[in-house]
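Student: Could you take one small part of this structure and walk me through it slowly? I would like to see how its surroundings are described, and then look a little further along the chain.

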Amino acid sequence: ATNGNGARAVFMATRTPQVLPDCMRAADNGGTIAITGSAPGPVELETQVDLLRRELTIFGTYQAFYPHEPYHKFQWPRPRNREYVIELMARRQLRVDHLISHRVPYTEAPNMYAMIEQGPAGWLAIVLDWTEAR
């Protein structure tokens with residue numbers, strides 16, 4: 001996918017902190033690794049060779065589910081993130097149509113949930129159309 005180069009940006013969204021060295025190897029020199037989710041526990045890194053000489057940037061993002069100290073003071077809390085993403089989609093600056101594999105009437109929901117239960121093959125994102133329900 002990167003033509004033999006590393007990725008400019010790597011997103012680590014896992015509960016397994018031991019994936020971080022793999023993410024660092026996947027990044028190109030000067031690349032960025034964003035750690036999100038909740039990866040508790042230690043991980044061993046070779047800082048001189050794998051981090052400093054390659055000039056990688058690693059940053060973490062974490063927000064609690066409930067607004068309590070200190071998380072409610074973030075500039076981009078979850079409601080603002082959602083609002084911004086919807087704004088980008090409305091301006092067509094963030095395209096998601098290619099991610100939708102199925103658009104079906106809401107009456108097809110049981111069939112869609114049955115397909116989801118079978119695993120990830122055959123679908124990516126499903127939109128239930130509720131216009132007939134009005």
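**A close look at Thr-61**

Tutor: Happy to! Find Thr-61 in the loop between strand S3 (57-60) and H3; helices (H or I, at least four residues) and strands (E, at least two) are DSSP runs, numbered from the N terminus. This is a predicted model, where local features need pLDDT of at least 70 and side-chain atom pairs count only at pLDDT 80 or more, while totals for chains, interfaces and linings use all residues. Residues are numbered from 1 along each chain as its sequence is written, and side-chain values use heavy atoms, with hydrogens and water left out.

Thr-61 counts as partly exposed because its relative accessibility is 34% (buried is under 20%, exposed over 50%, partly exposed in between, with a 1.4 Å probe and protein chains only). Leaving aside residues up to four places away in sequence, Thr-61 touches Ile-35, Thr-36 and Gly-37 (contact means heavy atoms within 4.5 Å). Ala-34 is 27 residues from Thr-61 along the chain, yet their C-alpha atoms are separated by 7.2 Å.

Now follow the loop to its other end, helix H3 (residues 78-90). With 13 residues at 1.5 Å a residue, H3 should span 18 Å, and its end C-alpha atoms are 18 Å apart, so the two values agree (the expected span is 1.5 Å times one less than the number of residues). After H3 comes Arg-92, whose phi is positive, near 60°.

Further along, Tyr-106 also counts as partly exposed, because its relative accessibility is 26%.
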